[in-house]
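Dear colleague,

I am passing on the structure we spoke about. Please look it over below; what was found in it follows.

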Amino acid sequence: MPIYEFRCRSCNHKFEKLCQLGETGKNLSCPKCGTEKPNRIMSAFRADSADSLRGSRGDSCKSCTSPNCSACR
Ligand SMILES: [Zn+2]
């Protein structure tokens, strides 16, 4: 299971939690103040892979200027 990072919307406390894939934090609460639905922080790993995915798609397309290139695949 992946570890996600969450930040409390109320007290800004940051905490990590082992979650099922796709967990959004809806069912979680801050361990410090108990406020529900903390914001999930996107991990660096996921952000990097999304960026490289966009980059490779952009490089491979020569026929349009669309950033995601859904029209020419
Ligand atoms: Zn809190």
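What share of the 73 residues in the protein chain is buried? Buried residues make up 7% of the chain. Please keep in mind throughout that this is a predicted model.

Overall layout

The chain has 3 strands and 1 helix. Read from the N terminus, the order of these elements is β-β-β-α. As for contacts between residues at least 6 apart in sequence, 28% of them join residues at least 24 apart.

The sheet

The 3 strands form an open sheet with antiparallel pairing, and their order across the sheet is 2-1-3. Strand 2 (14-18) and strand 3 (39-41) are the edge strands, each of them pairing on one side only. On average, neighbouring strands of this sheet are turned by 40 degrees against each other, direction ignored.

Strand 1 covers residues 3-7 and is joined to strand 2 by 5 bridges, the two running antiparallel. Strand 1 also pairs with strand 3, again in the antiparallel sense, over 3 bridges.

Phe6 can be followed to both neighbours of strand 1. In strand 2 the residue opposite Phe6 is Phe15, and in strand 3 the bridge partner of Phe6 is Arg40. Glu5 faces another glutamate across the pairing with strand 2, namely Glu16.

Which residues of strand 1 are buried, and which are not? Tyr4 and Phe6 point to one face and are buried, whereas Ile3, Glu5 and Arg7 point to the other face and are not. In general, side chains in a regular strand alternate between the two faces of the sheet. Phe6, then, is a buried residue that stands opposite Phe15 in strand 2.

Leu18

Leu18 lies in strand 2. Is Leu18 buried or exposed, given its C-beta neighbours inside 10 Å? Leu18 counts as exposed because it has 9 such neighbours, and the cut-off for exposed is 12 or fewer. Leaving out residues up to four places away in sequence, Leu18 touches Met1 and Ile3. Between Leu18 and Ile3 the C-alpha to C-alpha distance is 4.5 Å, although the two are 15 residues apart in sequence. Ile3 itself is among the residues of strand 1 that are not buried.

The loops

Strand 1 and strand 2 form a hairpin, with 6 residues between them. Asn12 is found in the loop between these two strands. Its phi is near 70 degrees, which is a positive value in a residue other than glycine. Asn12 counts as exposed because it has 11 C-beta neighbours inside 10 Å.

Where is Lys37 placed? Lys37 sits in the loop between strand 2 and strand 3. Lys37 is not a glycine either, yet it has a positive phi of about 55 degrees. With 15 other C-beta atoms within 10 Å, Lys37 is partly exposed, since a residue needs 20 or more to be buried and 12 or fewer to be exposed.

If you go through the model yourself, the places to start are the pairing of Phe6 with Phe15 in strand 2 and with Arg40 in strand 3, and then the positive phi values of Asn12 and Lys37.

Regards

Terms used: Residues are numbered from 1 along each chain as its sequence is written. This is a predicted model: local features need pLDDT of at least 70, side-chain atom pairs count only at pLDDT 80 or more; totals for chains, interfaces and linings use all residues. Helices (H or I, at least four residues) and strands (E, at least two) are DSSP runs, numbered from the N terminus. Two residues are in contact if their C-beta atoms, placed from the backbone, lie within 7 Å. Two strands pair if DSSP finds at least two bridges between them. Axes are lines fitted to C-alpha atoms, for helices over the stretch in contact, and angles run from 0 to 180 degrees between N-to-C directions.
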